[in-house]
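Student: Please take a close look with me at a single part of this model, the nonpolar core, and go through it slowly. I would like to understand what surrounds it as well as what is in it.

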Amino acid sequence: MNDYRLREELEKLRFLRRAQLQQLKRVDGWIAAAQKRLRDAEAATPPAPPASPVREWVAYTPLNARQPVEIHRAHCFVKFAKQQTRAITTAEAVQLLGMGAVACEGCRPDPGVSVG
Ligand SMILES: [Zn+2]
(Lines give C-alpha, C1' and ligand atoms only; values in the text may rest on other atoms or scores of the structure.)
Protein backbone atom coordinates (compact mmCIF):
# COMPACT_ATOMS: atom_id res chain seq x y z
CA MET A 1 0.00 0.00 0.00
CA ASN A 2 1.26 3.42 -0.80
CA ASP A 3 0.99 6.42 1.55
CA TYR A 4 -2.12 7.72 -0.19
CA ARG A 5 -4.06 4.50 0.43
CA LEU A 6 -2.83 4.31 4.03
CA ARG A 7 -3.99 7.88 4.68
CA GLU A 8 -7.33 7.13 3.03
CA GLU A 9 -7.78 4.01 5.17
CA LEU A 10 -6.83 5.92 8.30
CA GLU A 11 -9.38 8.62 7.45
CA LYS A 12 -12.10 5.98 6.97
CA LEU A 13 -11.28 4.46 10.34
CA ARG A 14 -11.43 7.86 12.03
CA PHE A 15 -14.79 8.52 10.35
CA LEU A 16 -16.06 5.14 11.57
CA ARG A 17 -14.88 5.98 15.10
CA ARG A 18 -16.70 9.35 15.09
CA ALA A 19 -19.88 7.72 13.79
CA GLN A 20 -19.73 5.05 16.49
CA LEU A 21 -19.09 7.66 19.20
CA GLN A 22 -22.17 9.57 18.03
CA GLN A 23 -24.22 6.37 18.12
CA LEU A 24 -22.89 5.57 21.61
CA LYS A 25 -23.88 9.07 22.75
CA ARG A 26 -27.43 8.48 21.47
CA VAL A 27 -27.64 5.14 23.32
CA ASP A 28 -26.40 6.84 26.52
CA GLY A 29 -29.22 9.37 26.08
CA TRP A 30 -31.78 6.59 25.70
CA ILE A 31 -30.41 4.90 28.84
CA ALA A 32 -30.61 8.15 30.84
CA ALA A 33 -34.20 8.72 29.66
CA ALA A 34 -35.20 5.16 30.60
CA GLN A 35 -33.60 5.54 34.04
CA LYS A 36 -35.53 8.78 34.60
CA ARG A 37 -38.81 7.13 33.57
CA LEU A 38 -38.10 4.28 36.00
CA ARG A 39 -37.31 6.70 38.87
CA ASP A 40 -40.48 8.68 38.12
CA ALA A 41 -42.58 5.49 38.04
CA GLU A 42 -41.10 4.29 41.35
CA ALA A 43 -41.70 7.71 42.93
CA ALA A 44 -45.34 7.63 41.78
CA THR A 45 -45.93 4.13 43.23
CA PRO A 46 -47.32 4.33 46.76
CA PRO A 47 -45.31 2.37 49.32
CA ALA A 48 -46.63 -1.05 50.25
CA PRO A 49 -48.46 -1.13 53.57
CA PRO A 50 -46.46 -2.67 56.37
CA ALA A 51 -47.08 -6.38 56.77
CA SER A 52 -49.29 -7.15 59.72
CA PRO A 53 -47.64 -9.37 62.31
CA VAL A 54 -48.46 -13.04 62.06
CA ARG A 55 -50.78 -14.07 64.84
CA GLU A 56 -50.25 -17.79 65.20
CA TRP A 57 -51.08 -17.92 68.88
CA VAL A 58 -54.16 -17.35 70.98
CA ALA A 59 -54.26 -16.00 74.53
CA TYR A 60 -57.08 -17.07 76.82
CA THR A 61 -58.21 -14.67 79.52
CA PRO A 62 -60.97 -15.85 81.89
CA LEU A 63 -63.68 -13.31 82.73
CA ASN A 64 -62.42 -12.77 86.25
CA ALA A 65 -58.72 -12.48 85.29
CA ARG A 66 -56.82 -9.30 84.46
CA GLN A 67 -54.39 -10.92 82.06
CA PRO A 68 -54.21 -14.10 79.91
CA VAL A 69 -53.65 -17.31 81.77
CA GLU A 70 -53.19 -19.75 78.84
CA ILE A 71 -51.42 -19.67 75.50
CA HIS A 72 -52.61 -21.86 72.62
CA ARG A 73 -51.71 -22.43 69.00
CA ALA A 74 -54.12 -20.61 66.69
CA HIS A 75 -55.59 -23.93 65.54
CA CYS A 76 -55.92 -25.45 69.01
CA PHE A 77 -59.18 -27.32 69.57
CA VAL A 78 -59.24 -26.35 73.24
CA LYS A 79 -59.50 -22.61 72.58
CA PHE A 80 -62.72 -23.01 70.66
CA ALA A 81 -64.48 -23.99 73.84
CA LYS A 82 -63.33 -20.78 75.46
CA GLN A 83 -64.86 -17.48 74.47
CA GLN A 84 -62.36 -15.08 75.99
CA THR A 85 -59.53 -15.53 73.50
CA ARG A 86 -57.63 -13.18 71.24
CA ALA A 87 -55.02 -13.74 68.53
CA ILE A 88 -51.47 -12.76 69.51
CA THR A 89 -48.03 -12.72 67.92
CA THR A 90 -45.15 -15.00 68.87
CA ALA A 91 -43.50 -12.11 70.72
CA GLU A 92 -46.68 -11.57 72.74
CA ALA A 93 -46.91 -15.30 73.45
CA VAL A 94 -43.35 -15.36 74.76
CA GLN A 95 -44.02 -12.26 76.86
CA LEU A 96 -47.22 -13.67 78.36
CA LEU A 97 -45.53 -17.00 79.13
CA GLY A 98 -42.82 -15.05 80.92
CA MET A 99 -45.52 -13.27 82.91
CA GLY A 100 -46.99 -16.52 84.21
CA ALA A 101 -49.43 -17.68 81.52
CA VAL A 102 -49.18 -21.43 80.92
CA ALA A 103 -48.79 -23.29 77.63
CA CYS A 104 -51.79 -25.38 76.63
CA GLU A 105 -51.50 -29.10 77.34
CA GLY A 106 -53.72 -29.86 74.35
CA CYS A 107 -51.91 -28.16 71.50
CA ARG A 108 -48.43 -28.16 73.03
CA PRO A 109 -47.16 -24.86 71.62
CA ASP A 110 -44.11 -24.76 69.34
CA PRO A 111 -40.83 -25.48 71.08
CA GLY A 112 -39.47 -22.39 69.27
CA VAL A 113 -41.44 -20.39 71.81
CA SER A 114 -40.00 -20.76 75.27
CA VAL A 115 -42.71 -22.56 77.09
CA GLY A 116 -42.18 -23.61 80.64
ZN1 LIG B 1 -54.22 -25.30 73.09
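Tutor: Helices and strands are here runs assigned by DSSP, with codes H or I over at least four residues for a helix and E over at least two residues for a strand, and they are numbered from the N terminus. Read in that way, the protein chain has two helices and four strands, which follow one another along the sequence as α-β-β-β-α-β. The model is predicted, so that local features need a pLDDT of at least 70 and side-chain atom pairs count only at pLDDT 80 or more, while totals for chains, interfaces and linings use all residues. Residues are numbered from 1 along each chain as its sequence is written.

Before we turn to the core, a residue is called buried if 20 or more other C-beta atoms, placed from the backbone, lie within 10 Å of its own, exposed if 12 or fewer do, and partly exposed in between. By that rule, 17% of the 116 residues of the protein chain count as buried. A nonpolar core is then a set of buried Ala, Val, Leu, Ile, Met, Phe, Trp, Tyr and Cys residues joined through C-beta atoms within 7 Å. In this model the largest such core has 13 residues, and those with the most contacts inside it include Trp-57, Val-58, Ala-59, Ile-71 and Leu-96. Strand S1 (57-60) and helix H2 (90-98) each give two or more residues to this core, and S1 gives the most, with four.

Let us follow the strands. They form an open sheet of four with mixed pairing, in the order S3-S1-S2-S4, where two strands pair if DSSP finds at least two bridges between them. The edge strands, which pair on one side only, are S3 (85-88) and S4 (102-103). S1 runs antiparallel to S3, to which four bridges join it, and Val-58 has Ala-87 as its bridge partner in S3. S1 is also antiparallel to S2, again through four bridges, with Tyr-60 standing opposite Glu-70. Glu-70 in turn has Val-102 as its bridge partner in S4, and the two bridges between S2 and S4 join strands that run parallel. In S2, Glu-70 and His-72 point one way, whereas Ile-71 and Arg-73 point the other way, and all are buried.

Now consider the helix beside the sheet. The buried residues of H2 are Ala-93, Leu-96 and Leu-97. They lie on the same side of H2, because they cover an arc of only 100° around the axis, the arc being that of the directions from the helix axis to the C-beta atoms. On the other side of H2, Ala-91, Gln-95 and Gly-98 are exposed. The buried residues of H2 pack against S1, strand S2 (70-73), S3 and S4, where two residues are in contact if their C-beta atoms, placed from the backbone, lie within 7 Å. Leu-96 gives an example, for it touches Ala-59, Pro-68, Ile-71 and Ala-101, not counting residues up to four places away in sequence. Just after H2, Gly-100 takes a positive phi of about 115°.

Finally, compare helix H1, which is hardly covered, the count of buried residues among its 42 residues being zero.
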